[in-house]
Structures are given as structure tokens and as C-alpha cells.
Amino acid sequence: MKLPLNKRYLRIGLTLFAVTAASICFYYLIFHGDRFSNQINSLIRIINPVLYGIIFAYLMTPMVNGIEKFFLNPLFSGNGTVPSIKQKKYKRFISVFLTLVIVVFMIYGFFSILIPNIAKSIKSISYQFPYYVQNLTNWSYKFLDDNPDIADMVIRFLDTYSEKLLTYVNNSIMPQMETLVKQVSLSLISILKMLWNFIIGMIISIYVLYNKETFAGQFKKLTYALLDTQKANQLIQDVRFTSDTFIGFISGKIIDSIIIGFICFAGTSILKIPYALLVSVIVGVTNVIPFFGPYLGAIPSAILILMVNPVKCIYFIIFILILQQIDGNIIGPKILGQSTGLSGFWVIFSITVFGGIMGIPGMIIGVPFFAVLYAMVKRVTAKMLVKKGLPVQTSKYLNVDYIGDGDTFIDKASDTQKPFFKLQRKEKNVGSKEKSEESHSSEGE
């Protein structure tokens with residue numbers, strides 16, 4: 001005998017099960033968060049090659065699309081016929097192959113030029129380090145002899161903090177040297193693992209690039225199957241907006257950093273700054289981090305130059321300040337445009353928060369991630385205001401103390417009147433407030 005299914009009780013049972021499961025998960029997350037984080041980290045370590053492959057494919061997608069659009073499409077459609085499925089497969093294979101060749105040659109060329117020069121610079125620094133220290137010491141003594149007031153202040157400072165510094169070195173730093181050696185050994189192992197994940201990720205990226213339309217179609221099919229059409233359309237639109245924001249910001253920032261690195265190398269070479277190539281690489285690489293990146297790269301570079309030639313260090317600091325102003329006001333906006341739409345405050349906020357959570361990667365992706373979140377919150381807020389009949393523009397709320405009823409506004413797009421909650425500014429003077437109320441009552445009559 002088939003028992004009738006009561007959908008009401010089924011929904012109640014599923015709701016109770018979901019609430020109970022969520023409560024258990026919340027309790028486990030609060031009181032056993034370390035175990036939860038360890039499980040998450042273990043899962044991330046397992047799927048790292050797949051994540052690398054997806055990231056590599058995502059970054060190489062614009063190049064694959066560009067090769068197909070500007071080179072292969074005119075070649076395959078030269079006779080005016082529609083390309084067949086086999087021709088599309090050939091195009092995709094050629095575009096992916098050319099992209100990988102270009103990327104590998106760019107990486108090889110970059111490191112083949114960079115590594116020997118950096119190794120030469122580091123070897124020179126290690127050999128001449130005692131000379132640099134002596135040079136800096138002599139310059140410091142001469143500077144202090146010429147400025148006795150500053151010398152007295154420095155002597156007082158050293159007398160106050162030298163003993164504390166010596167105690168800190170003996171009690172804190174020296175006992176940790178063994179731990180430091182172990183961490184360096186583990187870091188080498190981690191680098192080898194990362195290199196292996198990099199190779200596997202490159203192989204996975206080939207499959208992702210070759211079948212990217214299929215994966216996108218499967219995602220859309222699953223989305224339309226699980227959600228209603230309107231919500232599915234909105235989700236796909238949000239994913240597309242997120243992808244455009246991330247790829248626009250990251251690719252633009254990489255191009256901007258390459259340009260800044262070349263300009264820095266040219267400027268430091270003209271000024272005859274020591275270790276111009278090494279300094280330019282540091283400045284260019286750290287420039288990928290928005291706002292704080294240029295300063296993070298300039299500080300160690302300035303210290304290195306200070307040990308060689310203090311006067312050149314001053315020239316370098318002035319040059320970097322000018323270069324970053326040019327980048328922030330001319331080069332960066334031209335390349336990035338309005339890819340994020342965030343003000344300076346929100347840029348600093350996102351870098352600080354995501355940098356504290358995820359470190360250097362968080363500082364890089366924090367800005368586009370927060371830009372997506374900001375745009376979604378802005379869209380939801382606009383929808384809620386429209387439902388209430390309130391204006392969307394922020395300028396309408398600058399001088400508002402409260403909102404009153406009973407007014408209309410002109411919609412300039414359709415030139416029609418619509419009901420609207422009038423925005424009013426509360427009068428501080430009671431008499432003026434009474435006059436305002438009388439005028440409103442007369443208008444109502």
C-alpha cells in the first residue's frame with residue numbers, strides 16, 4: 001500500500017534537519033575552529049595543482065581569445081564559409097599552443113636576462129658588504145661631526161636603547177637561529193612542491209583552455225537547472241562582471257608594473273644608481289600591489305643604495321616619489337581606467353583587510369574582490385530604494401535629516417511625474433519649521 005506524501009511535513013522535516021546541521025557546524029566552527037582550518041588547508045594543498053591550472057587558464061584566456069580573433073579567424077574564414085567543428089578544434093589547438101609557446105618564451109627570456117644579473121649583483125653585494133658598511137660608517141661620522149646637535153641626540157638614543165637591543169638579540173634572536181635554519185630547509189622543500197604544482201597546473205590549464213566553452217556551458221546548464229530563469233540570468237551576469245573586473249584589474253596592473261619597471265631602470269641608469277637592474281626589478285614586482293606596493297619595493301632598495309652611496313640614495317628616493325606620482329595620476333589611470341570604480345579610501349581599506357587575512361596575495365586580489373562586493377551591495381541597495389520610491393543618487397541624501405511623504409518628482413528619462421517621498425532638511429528654528437508646515441498645508445489645500 002502506497003502511503004500519501006505530505007509535502008508540508010516534508011518541508012518541516014527538511015527545515016529542522018537543515019537548522020540542526022547548521023547549528024552543529026556553527027558549534028564545531030566556534031569551538032573547534034583550528035581543526036576546521038586544518039581540514040581546509042589540507043583540502044587546499046590537495047587541490048593546489050587544479051587551482052593553479054584554473055588560474056593559469058584564466059590569465060591566459062585573453063591571449064587565446066586575441067590570437068583566435070585577430071589571426072586565426074581571418075585565416076580560417078578567408079573563403080567566406082562558416083568554419084566547421086573540425087576547423088574550430090584546429091583553431092583552438094593552435095591558439096592554445098601559440099599562447100603556451102609565447103608565455104614560456106616570455107618567462108624564459110625574463111629569467112634568463114634577470115637571474116644572471118641579479119646573481120651578479122647579490123655576489124657583488126656579499127663581497128663588498130664590509131666596504132659598504134665602512135663607507136656608511138665613515139659618512140655617518142663625518143655627518144655627525146658636522147652636526148654636533150644631531151650627534152648629541154644620536155648618542156643619547158644609543159645610550160638608551162643599545163642595552164635593550166643587545167638583550168633582545170641575545171635572548172630572542174640567537175636562540176631562534178636553529179629554528180630559522182629549519183624553516184629555510186622547509187622553505188626549500190615547499191619551493192620544490194610549488195614547482196611541481198606549477199608544472200601540473202600548466203598541464204591542467206591546457207585542458208581548461210581547450211574546453212573552456214564546454215565548461216562555461218555546463219555551468220550555465222547547471223545554473224538554469226537549479227534556479228529560476230531570472231535568478232540564473234542575474235547569477236551569470238554577476239559571474240561575468242566578476243571575471244571582467246578581475247581580469248581587467250590584474251592584467252592592467254601587470255602591464256602597468258612592467259612599464260614602471262622599464263621606466264625605473266632607464267631613470268636609475270641615467271642617474272647612475274648602484275644596482276639599477278636589481279632595484280628596478282624590486283620596484284616593478286612590488287608595484288603589482290596597489291597603493292602600498294611602490295613603497296614596499298622602494299624601502300629595501302633605498303637601504304641597499306644607502307650602504308653604497310648615501311647621496312645616490314637621496315636621488316633615488318626623489319626619483320621614486322616622482323615616478324609613483326606619474327604612475328598614480330597618468331600611467332595607472334590610462335591603463336586601468338575605471339576597472340574597479342573604488343575611491344582611494346576603499347582601495348586602502350580593501351588592501352589592509354585582505355592583506356591581513358591572506359598576506360601578499362590578499363593585497364593583490366583584495367581590490368578587485370572588494371570592487372565586486374561593493375558593486376553587488378550597491379545594486380541591491382538601489383533595488384531596495386527603488387521599491388520604496390526613494391532616489392538612488394547619493395547626492396540626494398547629503399543634507400537630509402528625515403524623509404516626509406506627499407510629493408512628486410519629474411522623471412527626466414520619460415518626462416512623467418511619479419510618486420516620491422520628498423527629502424526634507426529639518427529646520428533648527430521652531431518658527432521656520434512651523435512656517436514650513438503651514439506652507440505644506442496650504443499646498444495640500
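What follows is a walk through this structure, from its overall make-up to a few of its individual residues.

Let us start with the whole chain. The model you are looking at is a predicted one. The protein has 445 residues, and buried residues make up 25% of them. Its secondary structure consists of 14 helices and four strands. To see how the chain folds back on itself, look at the contacts with a separation of 6 or more: residues 24 or more positions apart account for 62% of these.

With that overview in mind, let us look at how two of the helices meet. The axes of α3 and α8 come within 11 Å of each other, and they cross at roughly 80 degrees. An angle from 65 to 115 degrees counts as roughly perpendicular, so α3 is roughly perpendicular to α8. Which residues in α3 and α8 meet here? From α3 come Tyr58, Leu59 and Pro62, and from α8 come Thr242, Ser243, Phe246, Ile247 and Ile250. Sorted by character, the residues of this contact divide into six nonpolar, two polar and no charged.

Charged side chains do pair up elsewhere, and the salt bridges are our next stop. The count comes to five salt bridges. One of them joins the side chains of Glu68 and Arg92, with a distance of 2.6 Å from N to O. Glu68 lies in helix α3, which spans residues 48-76, while Arg92 lies in helix α4, residues 85-146, so the pair ties together parts that are 24 residues apart in sequence. Are these two partners buried or exposed? Glu68 counts as buried because its relative accessibility is 12%, under the 20% cut-off. Arg92 is buried too, with a relative accessible area of 8%.

Another salt bridge brings together Glu213 and Lys212, and here the closest N and O atoms are 3.0 Å apart. Glu213 is partly exposed, at 45% relative accessible area, whereas Lys212 counts as buried, at 18%. These residues also take part in something wider: Glu68, Arg92, Lys212 and Glu213 are linked in a network of salt bridges.

For a further example, turn to Asp238 and Arg379. Their closest N and O atoms are 2.4 Å apart, and they form a salt bridge. This pair links distant parts of the chain, with Asp238 in helix α8 (residues 229-270), Arg379 in helix α13 (residues 360-387), and their positions 141 residues apart in sequence. Asp238 is buried, with a relative accessible area of 12%, and Arg379 counts as partly exposed, at 26%.

Now for the nonpolar interior. The largest nonpolar core has 14 residues, and those that touch the most other members are Cys264, Val283, Ile305, Phe316, Ile320 and Leu323. The elements giving two or more residues to this core are α8, α9 (276-286), α10 (293-308) and α11 (310-336). Of these elements, α11 gives the most, with six residues. Val283 is a good place to pause. Leaving aside neighbours within four places in sequence, Val283 is in contact with Ile260, Cys264, Gly297, Ser301, Phe316, Ile320 and Gln324. Apart from this core lies another, of 13 residues, among them Phe249, Ile289, Val347 and Met363.

Between α8 and α9 there is a loop, and two of its residues deserve a look. Lys272 is found in this loop, and Tyr275 has its place there as well. What is the phi of Lys272? The value is near 60 degrees, which is positive in a residue other than glycine. Tyr275 likewise has a positive phi, of about 55 degrees, although it is not a glycine. Their surroundings can be told apart by accessibility: Lys272 counts as exposed, at 66%, whereas Tyr275 is buried, with a relative accessible area of 15%.

Our last stop is Asn197, in helix α6, which covers residues 177-210. Asn197 is buried, with a relative accessible area of 13%. Which residues is Asn197 in contact with, leaving aside its neighbours within four places in sequence? They are Asn48, Pro49 and Tyr52.

Conventions:
Residues numbered from 1 in each chain as written. Predicted model: local features only at pLDDT ≥ 70, side-chain atom pairs only at ≥ 80, totals over all residues. Heavy atoms only, no water. Salt bridge = Lys/Arg side-chain N within 4 Å of Asp/Glu carboxyl O. Buried < 20%, exposed > 50% of the residue type's maximum accessible area, 1.4 Å probe, protein only. Axes fitted to C-alpha atoms, helices over the stretch in contact; angles between N-to-C directions. Parallel < 35°, antiparallel > 145°, perpendicular 65-115°, else oblique. Contact = heavy atoms within 4.5 Å. Nonpolar A, V, L, I, M, F, W, Y, C, P; charged D, E, K, R; others polar. Core = buried A, V, L, I, M, F, W, Y, C linked by side-chain atoms within 4.5 Å.
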